[in-house]
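This briefing introduces a protein structure to a reader who has not met it before. It covers two topics: pocket space and cysteine pairing.

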Amino acid sequence: MNGEGIPLIRRLEQNRGLTREEWAELIRNRDDESAACLFERAREIRIRHYGHDIYIRGLIEFTNYCRNDCYYCGIRKSNANAVRYRLSREEILSCCETGYRLGFRTFVLQGGEDGWYTPKRMAEIISEIRTSWKDCAITLSVGELSRDTYRLWKEAGADRYLLRHETYDPEHYARLHPAGLTAANRQRCLWNLKELGYQVGTGFMVGSPYQTPENLADDMIFLKRLNPQMVGIGPFISHHDTPFAQMPSGTLELTLFMLGLIRLMLPKVLLPATTALGTIAPDGREKGILAGANVVMPNLSPPQVRQNYLLYDNKLCTGDEAAESLKDLDARMQKIGYHLAVNRGDSLNVE
Ligand code: 5AD
């Protein structure tokens, strides 16, 4: 049967939510007809709130040292083949300078959980960026820290924090992470961040090993509860030096479907067409935009370290993925009727 999911898609748009059973059914039985209907609705909603603007964020991957050992991740601590690097405070600031000149008004400092950057050292970097670029948003994405550390960084001038919940279900979470890392702690961090007044981004991998439609249903229900300003999702892509080297990657098709569902559930959320999406298909990001996404995050790291921040195989870091080629990226987006916006790109999703 074709287009079987359309009644559920209409209900989702109306109620901005579904039951766990409905989510799982809609995801499990999806087909091209339902997807076409979903993307059409998702685009309409996206355009209603954000027009044809695409928000940009400059991603500065400042360290690939990590104390964690997540089974899926290429920069996990046990990967002895990873070529490790850290950017100095000066190098980070110089990325911001380049970024500002290129038109970025949001800097995302992303890294592994690297103790070299103590809470105090990070705070100093944050306040320096805050002082130098007053009209820019500062986003952090450096993992699970104490509430006090999150507060220190907020007070130093950070505005936003990205921390994917990865998967809501504790058992599924335990199959993707070593003992000691728990879904409960991850989620606690997110609630802390929110309470401290950060604009929060969370998200998950699509097609991660052992993931079921029920897991994705739980992810949707968690997103609804947390109501974050941003949701980052992308396909799981295997990395050859990890325990999941032989696991199949997630698909473009399911990732696009999930993007559309998120747009219908959280109409004003910021939804990036992620690097992983661009990696899995040459036109992945365009398709993501056409499925309801409204953000792209080009790479602003110094070119010589880019190839070392390898979370998964073949991760894009050149061409239109590079911050220097914003013009090319804009040209690609214009081809599908959208354009890059030079502003902070704040979420309309405020409580
Ligand atoms: N494939 C896809 N995404 C990955 N991430 C880490 N490893 C992989 C992988 N192999 C994602 C995680 C993390 C984000 C920074 O990158 O979801 O939160």
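**Pocket and cysteines**

The largest pocket holds about 180 Å³ of space. The model examined here is predicted. A search of the whole structure for disulfides finds zero.

**The largest pocket**

- Two elements each give two or more residues to the lining of the largest pocket: α4 (89-102) and α14 (326-335).
- The largest share of this lining, three residues, is supplied by α14.
- The lining consists of Ile56, Arg101, Leu102, Glu324, Leu326, Lys327, Asp330, Leu340 and Val342.
- By residue class, the lining of the largest pocket has five nonpolar and four charged residues, with no polar ones.
- In general terms, empty space is revealed by rolling a probe the size of a water molecule over the atoms.

**The cysteines**

- A disulfide is a covalent bond that joins the sulfur atoms of two cysteines.
- The whole-structure search finds zero such bonds, and Cys70 is accordingly in no disulfide, its nearest cysteine sulfur being that of Cys73, 6.2 Å away.
- Why is the sulfur of Cys73 not bonded to that of Cys70? The sulfur of Cys70 is the closest cysteine sulfur to that of Cys73, but at 6.2 Å it is too far for a bond, because a disulfide requires the two sulfur atoms to be within 2.5 Å.
- Cys70 counts as buried, because its relative accessibility is 13%, under the 20% cut-off.
- Cys73 also counts as buried, with a relative accessibility of 16%.

Conventions. Residues numbered from 1 in each chain as written. Predicted model: local features only at pLDDT ≥ 70, side-chain atom pairs only at ≥ 80, totals over all residues. Heavy atoms only, no water. 1 Å grid on protein atoms, 1.4 Å probe; cavity = no way out; pocket = protein on both sides within 12 Å on 5 of 7 lines; lining within 4 Å. Points joined across faces, edges and corners; volume = space filled by probe spheres on them. Helix = DSSP H or I, 4+ residues; strand = E, 2+ residues; numbered from the N terminus. Nonpolar A, V, L, I, M, F, W, Y, C, P; charged D, E, K, R; others polar. Buried < 20%, exposed > 50% of the residue type's maximum accessible area, 1.4 Å probe, protein only.
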